[in-house]
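Let's look at some words used to describe a protein and ask what earns each one its place.

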Amino acid sequence: MKKLVFATNNQHKTEEIRLALAGKYDVLNLEDIGCLTDIPETADTFEGNATLKSRYVVEHFNLDCFADDSGLEVEALNNEPGVYSARYSGSRDSLENIQLVLKKLEGIGNRKARFKTVISLMQDGKNHIFEGVIKGTITTELSGSKGFGYDPIFQPDGYDITFAEMDMAEKNKISHRAIALEKMMTFLKGDA
Ligand code: ITT
């Protein structure tokens with residue numbers, strides 16, 4: 001079976017993909033291939049960072065690989081926090097990051113935002129890009145305790161609850177990550 005590396009250390013994400021591609025690809029993560037480096041994510045776009053990660057694995061391990069990068073884009077903040085989502089306030093603390101977004105949006109009527117995921121799949125020397133977007137609005141207060149990151153202040157269009165109030169299974173059906181992964185999976189299934 002063809003080997004495919006997922007450039008992540010997140011075991012949960014790995015299992016999800018392994019199951020989805022069972023019988024077609026042997027999915028390995030960074031730990032499985034002995035890649036202990038913290039691969040630099042220094043680009044200023046999601047696509048750039050995802051590609052830095054997937055390319056690193058191809059160059060150092062000579063295996064086909066995919067990597068993802070995600071974040072929140074708020075329209076009235078010139079699409080910030082964007083690639084800086086994980087450390088927008090200077091810290092990895094989600095509450096501090098959320099509070100900074102809410103503070104910057106004080107008095108601003110346009111609360112449109114979107115979560116975006118970009119996947120870079122390096123296969124046979126070619127870079128294939130898959131994107132997933134979910135649109136919504138930033139609430140004025142935090143609601144819910146599920147999920148992670150900016151979930152307590154993101155209300156997807158068509159819903160009257162935030163991502164943090166949704167069951168994980170429900171969020172995973174409609175999320176930016178799910179959309180991007182679905183596109184890659186369709187491509188890979190056709191290809192295998
Ligand atoms: P890895 O790169 O190691 O996978 P990460 O935390 O950087 O971990 P992402 O690139 O997927 O993960 O996302 C970057 C940040 O964007 C993340 O730390 C959150 O603050 C935010 N984010 C991404 N997806 C999110 C989601 O589904 N819900 C809430 N916040 C999210």
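Q: What makes the link between the side chain of asparagine 49 and the backbone nitrogen of threonine 42 a polar contact?
A: The side chain of asparagine 49 reaches that nitrogen at 3.3 Å. A polar contact is a pair of N or O atoms within 3.5 Å; within protein, one must be able to donate a hydrogen and the other to accept it, and residues adjacent in sequence count only if both atoms are side-chain atoms. The pair is therefore within the limit. One thing to keep in mind is that this is a predicted model, where local features need pLDDT of at least 70 and side-chain atom pairs count only at pLDDT 80 or more, while totals for chains, interfaces and linings use all residues. Residues are numbered from 1 along each chain as its sequence is written, and side-chain values use heavy atoms, with hydrogens and water left out.

Q: Why is asparagine 49 called buried?
A: Its relative accessibility is 2%. Buried means under 20% relative accessible area, exposed over 50%, and partly exposed in between (1.4 Å probe, protein chains only). Asparagine 49 therefore counts as buried. This residue lies in helix 2 (residues 46–61); helices (H or I, at least four residues) and strands (E, at least two) are DSSP runs, numbered from the N terminus.

Q: Which residues does asparagine 49 touch, not counting residues up to four places away in sequence?
A: They are Glu41, Thr42, Ala43, Asp69 and Val83. Contact means heavy atoms within 4.5 Å.

Q: Why does asparagine 62 count as exposed?
A: Asparagine 62 has 67% relative accessibility, so it counts as exposed. It is found in the loop between helix 2 and strand 3.

Q: Why is asparagine 79 called partly exposed instead?
A: Its relative accessible area is 35%, so it falls in the in-between class. Asparagine 79 sits in the loop between strand 3 and strand 4.

Q: What is noteworthy about phi in asparagine 62 and asparagine 79?
A: Phi of asparagine 62 is near 55 degrees, a positive value in a residue other than glycine. Asparagine 79 has a positive phi too, of about 65 degrees. Most residues other than glycine have a negative phi, and most peptide bonds are trans.

Q: How do you know that the peptide bond from glutamate 80 to proline 81 is cis?
A: Its omega is near 0 degrees. Proline 81 lies in strand 4 (residues 80–81).

Q: How many helices and strands does the protein have, and what makes it as compact as a globular protein of that length?
A: There are five helices and seven strands. The radius of gyration, taken over C-alpha atoms, is compared with the globule rule, 2.2 Å times the number of residues to the power 0.38. The value is 17 Å, close to the 16 Å that the rule gives for 192 residues, so the protein is as compact as a globular protein of that length.

Q: What makes the approach of aspartate 151 to the ligand a polar contact?
A: An N or O atom in the side chain of aspartate 151 is 2.6 Å from a nitrogen atom of the ligand, so the pair is within 3.5 Å. A polar side-chain atom of lysine 171 lies 2.8 Å from a ligand oxygen atom, and one of serine 70 lies 3.3 Å from an oxygen atom of the ligand.
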